Amino acid sequence: MTAVEHDADVIVVGAGPGGSATAYHLARHGVRVLLLEKTEFPREKVCGDGLTPRAVRQLIRMGVDTSPEAGWLHNRGLRVIGGGVRLELDWPELASFPNYGLVRTRLDFDDLLAQRAVAAGAKLRTSVNVLGPVLDDDGRVTGVEAEVGPGKEPTTFRAPLVVAADGVSGRFPLALGLAKREDRPIGVAVRRYYRSPAKHEDNYLESWLELRSKDSGDNLLPGYGWIFGLGDGRVNVGLGVLNSSSAFGKTNYRRLLTDWLANTPEDWGMTDETNADGPILGAALPMGFNRVPHYTRGVLLVGDSGGMVNPFNGEGIAYAMESGELAAEAIVQALARPAGPERERALMAYPNELKARLGGYYRLGGIFVKLIGRPEIMRIATKHGMPHPTLMRFVLKLLANLTDPRGGDAMDRVINAMTKAAPAV
């Protein structure tokens with residue numbers, strides 16, 4: 001048998017937060033990593049641009065300077081609006097997570113993370129459109145087929161392991177026959193930037209649990225909304241709709257956004273189209289492990305490619321980066337073993353750890369999605385829950401997945417017990 005010449009120890013497909021985090025953690029352990037990105041940086045990505053303390057922790061683990069001097073806008077917590085109540089909830093004080101969130105646009109956020117991977121030793125190649133896997137005679141992935149550069153030159157890259165971090169489209173896992181699971185939650189989000197001197201500097205991420213247009217009266221619009229100040233004169237405004245809502249797939253989401261914003265105060269600047277900074281853009285939110293298995297035949301799925309968006313709050317960046325670090329840990333251990341059963345045993349630690357960490361929590365999230373998809377339940381929950389700050393602090397910890405696993409307070413112990421008791425998805 002002829003030995004195959006490898007271009008790297010690991011190929012990572014996609015240089016979003018999940019792919020760059022994977023490449024960074026692999027490279028700092030001395031693994032030869034080839035990070036392939038189909039676009040050029042900087043590039044636009046549809047996102048809320050808000051980062052919870054869970055995501056901040058992962059940035060710190062990558063050695064990222066998150067200070068205001070480095071261009072980050074800090075926030076103290078979440079402002080929740082609903083049920084006629086406006087409540088400001090500070091991020092919890094925990095040993096496991098920092099007590100601040102961040103805002104930064106994806107235009108340079110993804111570039112910054114990719115450069116952290118490069119600084120650690122990863123090799124980044126942009127304008128590389130990965131088309132699908134290279135398989136050996138046993139059906140195991142041994143590389144990728146790609147088109148490189150503006151001329152779309154056909155190229156093959158080879159490595160014993162591949163990480164699919166190619167986002168919600170999941171073209172690489174799809175080529176392996178790994179389709180999305182229809183029994184798991186999914187959402188759709190749309191967002192737009194507006195110039196808003198009145199709202200651009202904000203100590204809190206703002207979440208709207210109830211959306212109304214000027215003429216909707218007591219009838220709620222479907223979905224939930226957000227307004228995140230960017231600190232540069234602009235805000236990121238958007239809304240999300242879950243597939244548990246009767247409006248999912250039957251609504252003009254862009255019109256829904258403008259209908260809601262038409263009901264906001266005029267001085268916020270979101271009722272005037274001339275204040276818009278760019279078009280309304282949309283993206284799917286793949287939630288609750290809606291594509292599995294997360295390891296098969298030499299391929300590990302990371303982030304949106306593996307459906308890792310939090311069903312409770314639509315957060316994806318934290319889980320993309322977290323899964324990237326977990327994948328890297330499993331790969332480092334696997335590459336220290338000979339190819340075959342021993343290496344496979346080490347690689348299976350990745351999906352097992354994901355399931356142990358997030359499986360029960362995502363099961364609870366799936367139940368939550370079904371409940372809030374019913375407007376009458378959402379109305380009751382906001383009316384009776386919002387006036388109680390202690391209850392809402394508990395809800396914040398649950399929704400943002402922010403607890404200390406050991407030595408936390410009573411709220412932490414209850415949430416941790418709930419997630420352990422729930423059968424893993």
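The paragraphs below go through a predicted model, from an annotated region and its strands to a pocket, a cavity and some backbone details.

The annotated region comes first. In an unreviewed entry, UniProt lists residues 7-179 as "domain: FAD-binding". Over residues 7-179 the chain is 23% helix and 33% strand. The C-alpha atoms at the two ends of this stretch are 28 Å apart.

Strand β2, residues 33-36, is a useful place to start on the strands. β2 has parallel partners in β1 and in β8. With β1, which spans residues 10-13, β2 pairs in the parallel sense over 4 bridges. Within this pairing V12 is opposite L35 of β2. The connection from β1 to β2 passes through helix α1, residues 17-27, and the resulting β-α-β crossover is right-handed. With β8, residues 123-125, the pairing of β2 is parallel as well, over 3 bridges. Here L36 has R125 of β8 as its bridge partner. Strand β2 is also covered on both faces: V33 and L35 are buried on one side, and L34 and L36 are buried on the other.

A separate open sheet has antiparallel pairing. Strands of a sheet pair through backbone hydrogen bonds, and the sense can be parallel or antiparallel. The open sheet consists of 3 strands in the order β3-β7-β4, and its pairing is antiparallel. Its edge strands are β3, residues 50-51, and β4, each of which pairs on one side only. Strand β7 covers residues 101-103 and is joined to β4 by 3 bridges, the two running antiparallel. In this pair N75 stands opposite G101 of β7.

Strand β4 also contributes to the largest cavity. The count of cavities of 30 Å³ or more comes to 1. The largest cavity holds about 40 Å³ of space. Its lining consists of L73, N75, V103, D202, Y204, L205, F228 and G229. The elements that give two or more residues to this lining are β4 (73-75), β14 (204-208) and β15 (224-229). By class, the lining of the largest cavity has 5 nonpolar residues, 2 polar residues and 1 charged residue. N75 therefore appears in two roles, as a residue opposite G101 in β7 and as part of the cavity lining, where the cut-off is an atom within 4 Å of a cavity point.

The second largest pocket has a volume of about 640 Å³. It is lined by 26 residues, and R54, A356, R357, N401 and P405 are the closest to its centre. Two or more lining residues come from each of α2 (53-61), α6 (317-335), α8 (349-372) and α11 (410-421). Among the contributors, α8 gives the largest share, 6 residues. The class counts for this pocket lining are 9 nonpolar, 7 polar and 10 charged.

N401 leads on to the backbone. Most residues other than glycine have a negative phi, and most peptide bonds are trans. N401 has a positive phi, near 55 degrees. This residue is in the loop between α10 and α11. N401 counts as buried because its relative accessible area is 12%, and the cut-off for buried is under 20%. R297 has a positive phi too, near 50 degrees, and lies in the loop between β18 and β19 (299-301). With a relative accessible area of 32%, R297 is partly exposed, because that class lies between the 20% limit for buried and the 50% limit for exposed.

Two cis peptide bonds can be located in loops. The bond from F41 to P42 is cis, with omega near -5 degrees, and P42 is in the loop between β2 and β3. The bond between V292 and P293 is cis with omega about 5 degrees. P293 sits in the loop between β17 (281-286) and β18 (295-296).

A last residue lies in helix α10, residues 389-400: F394. F394 is buried because its relative accessibility of 18% is under the 20% limit. From F394 to I331 the separation is 63 residues in sequence and 36 Å in space, C-alpha to C-alpha.

Technical notes:
Residues are numbered from 1 along each chain as its sequence is written. This is a predicted model: local features need pLDDT of at least 70, side-chain atom pairs count only at pLDDT 80 or more; totals for chains, interfaces and linings use all residues. Side-chain values use heavy atoms; hydrogens and water are left out. On a 1 Å grid over the protein atoms alone, a cavity is a set of points where a 1.4 Å probe fits but cannot get out, and a pocket is an open set with protein on both sides within 12 Å along at least five of seven lines; lining residues have an atom within 4 Å of a point. Grid points are joined across faces, edges and corners, and a volume is the space filled by probe spheres set on the points. Ala, Val, Leu, Ile, Met, Phe, Trp, Tyr, Cys and Pro count as nonpolar, Asp, Glu, Lys and Arg as charged, and the others, Gly among them, as polar. Buried means under 20% relative accessible area, exposed over 50%, partly exposed in between (1.4 Å probe, protein chains only). Two strands pair if DSSP finds at least two bridges between them. A crossover is right-handed if, with the strands pointing away from the viewer, the path from the first strand over the helix to the second runs clockwise. UniProt positions are given in the numbering used here, feature names are shortened, and annotations may be inferred rather than shown by experiment.
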